[in-house]
Amino acid sequence: MIMELNQFMKRTIKFRVFDKISKEMYRWSQIASISLVDFDKEHYELMQFTGLKDINGLDIYEGDVLWKPNQSAVPKFLMEWDEKRACFTEMPKTSAGSPNTNEFTVIGNIYNNPELLSIIDGGCH
């Protein structure tokens, strides 16, 4: 019996793209018609939606920089794909489980705000 994939998927699969030449970020609705065959990795950086939302309900994508307001005045975490655990997680790791995104707010991303990389705890990049 063949079942539709949507019956098993409990989260939205979507992406955003950073254009390295124009320095613009494009939302899913702006790129949904682009064929992956035509996708130029030299020109674009593809980021997947993690399925998580921050304290304000904003979608969290890989490459987003997160801040935990009650912890300190500087950004602390970068959202990345963890190959070993096959999941999105905050870097550097703060716990054995997934991050509780109800406590975090997205303050930028590594493409529009590369300066944030220098102040992430643990210097993960």
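Strand β6 (residues 77-82) and strand β7 pair in the antiparallel sense over 5 bridges; strands here are DSSP runs of E of at least two residues, numbered from the N terminus, and two strands pair if DSSP finds at least two bridges between them. Within this pairing, D82 stands opposite C87 in β7.

The model is a predicted one, in which local features need pLDDT of at least 70 and side-chain atom pairs count only at pLDDT 80 or more, while totals for chains, interfaces and linings use all residues. Residues are numbered from 1 along each chain as its sequence is written, and side-chain values use heavy atoms, with hydrogens and water left out.

**The sheet**

The two strands belong to an open sheet of 4 strands, ordered β7-β6-β5-β8, with antiparallel pairing. The edges are taken by β7 (87-91) and β8 (105-109); each has a single partner strand, so one side of each is left without a neighbour in the sheet. From one strand to the next, the twist averages 40 degrees, where axes are lines fitted to C-alpha atoms and angles run from 0 to 180 degrees between N-to-C directions.

**Aromatic pairs**

The structure holds 2 aromatic pairs. Rings of Phe, Tyr and Trp (its six-membered ring) pair if their centres lie within 6.5 Å; planes under 30 degrees apart count as stacked, over 60 as edge-to-face and the rest as tilted.

| Pair | Arrangement | Centre to centre | Angle between planes |
|---|---|---|---|
| F18 and Y111 | stacked | 5.4 Å | 25 degrees |
| F49 and Y61 | tilted | 5.6 Å | 50 degrees |

The stacked pair links distant parts of the chain, for F18 lies in strand β1 (residues 15-19) and Y111 in the segment after β8, 93 residues apart. Accessibility is described in three classes: buried means under 20% relative accessible area, exposed over 50%, and partly exposed in between (1.4 Å probe, protein chains only). F18 is buried, at 5%, whereas Y111 is partly exposed, at 23%.

In the tilted pair, F49 lies in strand β3 (residues 44-53) and Y61 in strand β4 (residues 59-61), so the pair ties together parts that are 12 residues apart in sequence. F49 is buried at 5% relative accessibility, and Y61 is buried at 8%.

**Surroundings of F49 and D59**

The ring of F49 also has the charged end of K14 over it, 4.9 Å from the ring centre. A charge sits over a ring if NZ of Lys or CZ of Arg is within 6 Å of the ring centre and within 35 degrees of the ring normal.

The side chain of K14 also makes a polar contact with the side chain of D59 (2.6 Å). A polar contact is a pair of N or O atoms within 3.5 Å; within protein, one must be able to donate a hydrogen and the other to accept it, and residues adjacent in sequence count only if both atoms are side-chain atoms. The side chain of D59 makes such a contact with the side chain of K53 as well (2.5 Å). D59 is found in strand β4 and is buried, with a relative accessible area of 16%. Not counting residues up to four places away in sequence, D59 touches K14, F49, L52, K53, D64 and V106, contact meaning heavy atoms within 4.5 Å.

**Two loop residues**

I55 is placed in the loop between β3 and β4 and is partly exposed, at 47% relative accessibility. K23 is found in the loop between β1 and β2 (24-26) and is exposed, at 53% relative accessibility. Although K23 is not a glycine, its phi is positive, at about 60 degrees. Most residues other than glycine have a negative phi.
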